[in-house]
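User: Please take a close look at one part of this model, the place where its chains touch, and set that part in the context of the chains themselves.

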Amino acid sequence: MGDGIYVKGLRAWFGETLVLKGVDLTVAPNAVTAIIGPSGCGKSTFIRCVNRMHETVPGARVSGQVLLNSEDLYAPGVDPVQVRRRIGMVFQKANPFPTMSVFDNVAAGLRLAGVRRKSRLQEEVERALRHAALWDEVKDDLDKSGVSLSGGQQQRLCIARALAVDPQILLMDEPCSALDPIATAKIEELIHDLKKELTIAIVTHNMQQAARVSEWTGFFLLGELVEFGVTKEMFTTPGDKRTEDYITGRFG
Amino acid sequence: MSPVGRRLVSTAVSGLTASAALLVVCPLLLIFGFLLYQGVSAINVDFFLHLPKPVGEPGGGVANAIMGSLIMIGLAVSIGLPVGILGGVYLAESRDRRLPWVLRFVADVMNGVPSIVFGIFAYTVVVLPMRRFSAIAGGFALGLILIPIVLRTSEEMVRLVPSALREAGLGLGLPEWKVSLRIVIPAARAGIITGVMVAVARIAGETAPLLFTALGNRFWHQGLDQPIAALPLQIYAYAIAPYDDWHRQAWAGALVLITLVFLASLAARLATRGRIVAR
C-alpha cells in the first residue's frame with residue numbers, strides 16, 4: 001500500500017537527441033497521475049523511464065533519479081528486470097501473447113517467475129482477471145487463444161497479465177487509444193477501482209479522459225514538464241499559457 | 001479507360017500471373033508423374049521391409065536405406081536445429097552490428113557452397129580421425145548443410161515477430177533470454193518449422209556429401225560409428241548399375257524419397273496451420 005514514484009532531474013536520450021530535458025515529477029501513492037501533451041513531447045518516454053523500458057531501445061540513455069519510495073531505481077546494481085516486475089506496464093496496443101491461451105497469458109508472468117503449482121496459478125489467474133473486470137466474460141473461455149478476444153477484452157487481458165505478478169505501480173501508455181468509447185469506459189472504471197490498491201500513471205491523448213480518471217496531471221511539451229498539479233485546478237485554471245492553449249485545443 | 005477495357009486488362013493480367021504460377025509447379029508435377037510411372041511397379045511391401053537382395057536375385061527392398069536416411073537426418077537435425085534456431089535469434093535480436101553482419105555473410109556463402117565440399121570437410125574432420133565411414137560423419141555433413149538454411153530462415157521469422165510482444169515480455173519483468181525463448185520463438189514457430197522442413201527436404205536428397213562419409217551399406221546399420229545406408233546413396237548405386245531390376249528399384253527409391261519429403265512438409269503445414277506468425 002502506498003507506493004509512490006519520485007522523479008528528479010530525469011533526462012533521456014535517443015542516440016544524440018535529448019528527448020526529456022530534466023523532469024521532476026511525483027506520482028502520488030494510491031492515486032492516478034495523468035501525463036498529457038502533444039505527440040512527441042516525451043510523455044511515453046517518461047513513463048518508459050520509470051520502469052526502465054526506455055533503455056531496451058538501441059542507443060537509448062537515461063540520467064537522473066527515479067525513486068520508488070526511497071529506493072533509486074537507477075542506482076548501480078539495480079536489476080532492471082526486478083524493477084519491471086514491481087512496476088507493471090500496459091501498452092498502447094493490446095499485445096497478448098498470440099501463441100498462448102487466455103489463462104496462459106495471465107499466468108505467463110507468474111510461470112516465468114517460477115510459480116509451478118497449478119492450484120496457486122488458477123487462484124492468481126482468477127484474481128487477476130477479476131481485478132481487470134474480465135473474469136465474467138472469459139471464465140468459460142480460458143483455453144481460447146488470447147488474440148480471439150475483442151480489442152477491449154484484449155486490453156483488459158493485458159491489464160490482468162500485468163496485475164497477476166502483483167506490481168506496486170501500474171504504468172499505462174495510452175491504453176485506450178485503440179478502443180471504442182464503451183471499451184474505454186470499462187477501462188476507466190477499472191482504473192478507478194485499481195487505484196485503491198496500487199499507484200497508477202497513465203499517458204493519454206484524451207484530455208477528457210485525463211480529467212475523468214486522474215487526481216494529478218502533468219503537462220509535457222517538447223521534453224519538458226510545463227505544469228504539474230491537481231487535475232481539477234489544471235483543467236479549470238491552468239497556470240501556464242501553454243497549458244491553457246493545449247487543453248483548450250489551440251494546438252496539439 | 002472504358003470499363004470493358006479495364007476488365008479485359010484485369011483478366012489478362014490475372015491469366016498471366018496464374019500461368020506463371022502453373023509453370024512453376026509444372027516441373028514438380030512432371031517429375032512426380034514420371035517417377036510414379038517408372039517406379040510404382042517396383043514398390044510393394046517387401047520394398048519397405050526388406051534388405052536388398054544379392055545381385056541377380058529379384059525382389060528385395062531398401063528398408064535399411066530408408067532407416068539410414070532417417071537416422072542421419074535425425075542426427076543432422078539434432079546438431080543443426082539448436083544451433084540454427086538459436087543463432088537465428090541472435091542474428092535477429094543482437095544489437096551488435098559487426099558480428100551479425102559477418103555471420104550472415106558466412107551463412108550466405110555456406111548456402112552456396114556445393115554440398116560435396118561439406119562431404120570432403122566431414123571426411124577430413126570425422127572420417128579420417130575415426131578411421132572409418134560412419135553414420136555420425138554423414139549426419140555431421142548433413143547438419144553442416146542444414147545450419148545456414150535454418151539460421152537464415154529463423155532470423156527472418158524472428159524479425160517478423162512484432163516488437164510489441166517483446167516489450168510485453170520485458171514489461172512483465174522477464175529477462176531478455178526468457179523473452180526470446182518463451183515468447184519470441186513460440187510466436188515465430190510456424191515460420192521456423194517451415195524453414196526447418198525446407199532444410200530437411202534439402203538434406204534428405206543430398207547424395208554427394210554422403211559418398212565420403214556414410215559410404216552406404218547393404219545391411220541393417222551396425223551402430224552410429226559404422227557405415228550406413230541412405231536412400232540417395234542406394235538410388236545412386238542402383239542407377240549406375242547395369243541391371244534392369246536395380247534400375248526399377250532406383251526409380252522406386254526416388255519415388256519413396258520424394259514422397260517422404262512431401263509427407264513431411266505436409267505434416268509440418270498441418271501442424272502449424274492457423275498459427276499466427278505476426279500480427
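Analyst: Two residues are taken to be in contact if their C-beta atoms, placed from the backbone, lie within 7 Å. The model is a predicted one, in which local features need pLDDT of at least 70 and side-chain atom pairs count only at pLDDT 80 or more, while totals for chains, interfaces and linings use all residues. Residues are numbered from 1 along each chain as its sequence is written, and chains are lettered from A, with ligands numbered from 1, in the order in which they are written.

By the contact criterion, 21 residues of chain A meet 19 residues of chain B. On the chain A side, two or more residues each come from helix H2 (80-86) and helix H3 (102-112); helices (H or I, at least four residues) and strands (E, at least two) are DSSP runs, numbered from the N terminus. H2(A) makes the greatest contribution to this side, with 4 residues. Sorted by class, the chain A side holds 11 nonpolar, 6 polar and 4 charged residues. In this scheme Ala, Val, Leu, Ile, Met, Phe, Trp, Tyr, Cys and Pro count as nonpolar, Asp, Glu, Lys and Arg as charged, and the others, Gly among them, as polar.

The partner, chain B, contains 12 helices and 0 strands. Its C-alpha atoms fill a box of roughly 65 × 65 × 30 Å along the principal axes. Of the 279 residues of chain B, 40% are buried, that is, 20 or more other C-beta atoms lie within 10 Å of the residue's own, the C-beta atoms being placed from the backbone (12 or fewer would make it exposed, and a count in between partly exposed). Among the contacts in chain B with a separation of 6 or more, 75% link residues 24 or more positions apart.

Chain B also has an internal contact between two domains, namely domain 1 (3-42) and domain 2 (45-271), with bounds that come from an automatic or database domain assignment. Each domain gives 8 residues to this contact. The domain 1 side comprises 5 nonpolar, 3 polar and no charged residues. Taken over C-alpha atoms, the domain centres are 30 Å apart.

Chain A, for its part, includes a strand hairpin. Strand E9 (216-221) and strand E10 (224-230) of chain A run antiparallel and are joined by 6 bridges; strands pair if DSSP finds at least two bridges between them. A:Phe220 lies opposite A:Leu225 of E10(A). There are 2 residues between the strands, and A:Leu222 adopts a positive phi near 50 degrees.
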